[in-house]
Amino acid sequence: MGLFDSVKKIWSQDMAIDLGTANTLVVLKGQGVVLNEPSVVAIVDQGGKKNVLAVGDEAKTMLGRTPGNISAIRPLRDGVIADFIVTEEMIKHFIKKVHKGSTFANPRILICVPTGSTPVERKAIQDSALAAGARRVQLIEEPIAAAIGANLPISEATGSMIVDIGGGTSEIAVMSLGGLVYSKSLRVAGDSMDTAIVDYMRKEYNLLIGDTTAEKIKKEMGTAVPTGTNTYPVKGRDLRSGTPKEVNITEEDTAEALNDIMKQMVGAIKDALENTPPELSADLVDMGLTLTGGGALLKNIDKRFSKETGLPVHIADDPLSCVAVGTGKALDQEETFSTMLSEY
Ligand SMILES: Nc1ncnc2c1ncn2[C@@H]1O[C@H](COP(=O)(O)OP(=O)(O)OP(=O)(O)O)[C@@H](O)[C@H]1O
Ligand SMILES: [Mg+2]
C-alpha cells in the first residue's frame with residue numbers, strides 16, 4: 001500500500017453518528033450507513049462486577065425479559081444521555097464493530113444532538129465520544145441533519161420546516177440560510193406513544209402489557225386517524241385475575257390512545273408557525289413541512305398534521321435513516337456545511 005492509500009484509509013474512517021434514544025446509526029465517510037442498531041445495552045452483574053453482555057440488536061431482544069443478574073438498559077432517555085458509562089460502552093462497541101478488520105485510527109466523529117440539549121449535555125456527548133477513542137468530535141443539530149438528509153434547500157433564503165419524531169424527542173424546526181430560525185424540542189415522541197398505549201390498555205381493557213408489546217401495536221395497528229377496520233389481538237396480563245389474557249383491539253382504540261400526543265404535536269407545530277417571521281411563513285405555505293424520524297411512519301400522521309395545520313405535509317424517504325444520512329452528508333461535504341457544525 002502506498003503512502004497515499006494509507007492516508008486515504010485513515011481519512012475514510014471518519015464517521016458520523018446519529019446517537020438516538022431508540023436507534024443508533026453510524027455512517028462512514030463516503031460509505032453511507034454501515035450500522036443501524038437499537039440503542040440498548042445488556043449488562044450482567046457477576047458478583048458485583050458489571051460487564052457488557054450484549055449491545056444493539058442482541059440486547060434489544062432481552063428488554064423486559066432479563067433474569068435478576070442481567071439488565072437491559074437504554075442509556076439515552078428523552079434524547080439525552082441518562083447513563084454516561086453505559087453510553088460510552090455502547091459508542092465504543094459500535095465504533096469497534098464498524099472498524100472490524102481495519103486498524104483503529106482515532107477518527108473525527110460528527111454526532112447529532114437534539115436542539116433542546118443543554119451545553120452540559122452536549123459536552124457529555126462529546127466527552128463520551130472522545131473517551132471512546134475519537135480524535136475530534138463535532139456536533140450538528142438534529143433537525144438540520146434531518147433537513148440535509150431530506151434534501152431541503154436549507155442554505156437558501158427560503159423557509160424549510162422539519163418535524164423529526166424520534167423515540168425520545170420530537171424536534172420542530174424552521175430553517176433558512178443554513179441556520180435555525182425557530183426550534184423546539186418536545187419531549188413527547190415514540191416512547192410516549194408506547195406509554196400511552198400501555199396506559200390505554202390498562203384503563204380500557206384492564207390489561208397489563210409491556211413497552212415492547214405496546215411498540216409492536218403502534219407499528220402494526222397504530223394510527224393518527226382511524227381508517228381501517230381490522231382487529232388486532234393483544235396478549236397481556238389481566239389486572240384483576242392476574243392471569244394471561246387476550247383481547248382484540250381496533251384502530252379506533254389506537255387513535256384514541258394516541259390522541260393526546262397528536263394534539264400536543266399539532267399544538268407545537270402551530271406554535272412554531274406563530275413564531276416564524278411572515279416572509280418565511282409564506283414560503284412554508286407552499287413548501288409545507290417534512291416529517292422525519294420513526295414517528296413519521298405512524299399511519300395517517302401526515303393526513304392529521306395537514307388537516308390541522310393547513311400545510312402540505314411530506315414524509316421524507318426512509319425517515320428512520322434521514323438524520324444519519326444528513327449527518328453523513330455534512331461529514332462528506334465539510335466545506336458546504338461547516339457553519340452548521342459546532343464544538344464544545
Ligand atoms: N411504523 C412505525 N410506526 C410508528 N412508529 C414507528 C414505526 N417504526 C418505528 N417507529 C418508532 O420510531 C421511533 C424511533 O425513531 P428514530 O429511530 O427516528 O428515533 P431516535 O433517533 O432513536 O430517537 P431520538 O431522535 O428521539 O433520539 C421509535 O419510538 C419507534 O417505535
Ligand atoms: Mg433521532
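How many Å separate the centres of domain 1 and domain 3, taken over C-alpha atoms? The four views below start with that question and come from a predicted model.

**View A. Domain 1 and domain 3 have centres that are 25 Å apart.** That distance is taken over C-alpha atoms. The domain assignment builds domain 1 from three stretches, 3-37, 83-144 and 323-342, and domain 3 from two, 153-188 and 262-319. The assignment also gives domain 2 (40-73) and domain 4 (190-257).

**View B. Here domain 1 meets domain 3.** Look for twelve residues of domain 1 in contact with 16 residues of domain 3. The size of an interface is often given as the accessible area lost when the parts come together. For this pair of domains, the buried area is about 1,100 Å², and carbon and sulfur atoms give 60% of it. On the domain 1 side, Thr115, Pro143 and Ile144 supply 42% of the area buried against domain 3, more than any other three residues.

**View C. A shell of 19 residues lies around ligand 1.** Thr21, Ala22, Asn23, Glu215 and Lys218 come nearest to the ligand. Sorted by character, the shell holds four nonpolar, eleven polar and four charged residues. Helix 7 (residues 211-221) gives the largest share, three residues.

**View D. Three residues place polar atoms by oxygen atoms of ligand 1.** Lysine 218 has a polar side-chain atom 2.6 Å from a ligand oxygen. For glutamate 142, a polar side-chain atom lies 2.9 Å from an oxygen of ligand 1. Glycine 167 uses its backbone instead, with an N or O atom 2.9 Å from a ligand oxygen. Taken alone, ligand 1 exposes 650 Å², and the protein buries 93% of that.

Technical notes. Residues numbered from 1 in each chain as written. Chains lettered and ligands numbered in written order. Predicted model: local features only at pLDDT ≥ 70, side-chain atom pairs only at ≥ 80, totals over all residues. Heavy atoms only, no water. Near = heavy atom within 4 Å. Polar contact = N/O pair within 3.5 Å; in protein donor to acceptor, adjacent residues only side chain to side chain. Areas by Shrake-Rupley, 256 points an atom, 1.4 Å probe, with all protein chains shown as cover. Helix = DSSP H or I, 4+ residues; strand = E, 2+ residues; numbered from the N terminus. Nonpolar A, V, L, I, M, F, W, Y, C, P; charged D, E, K, R; others polar. Domains from an automatic or database assignment. Contact = heavy atoms within 4.5 Å. Buried area = accessible area lost by both parts, 1.4 Å probe.
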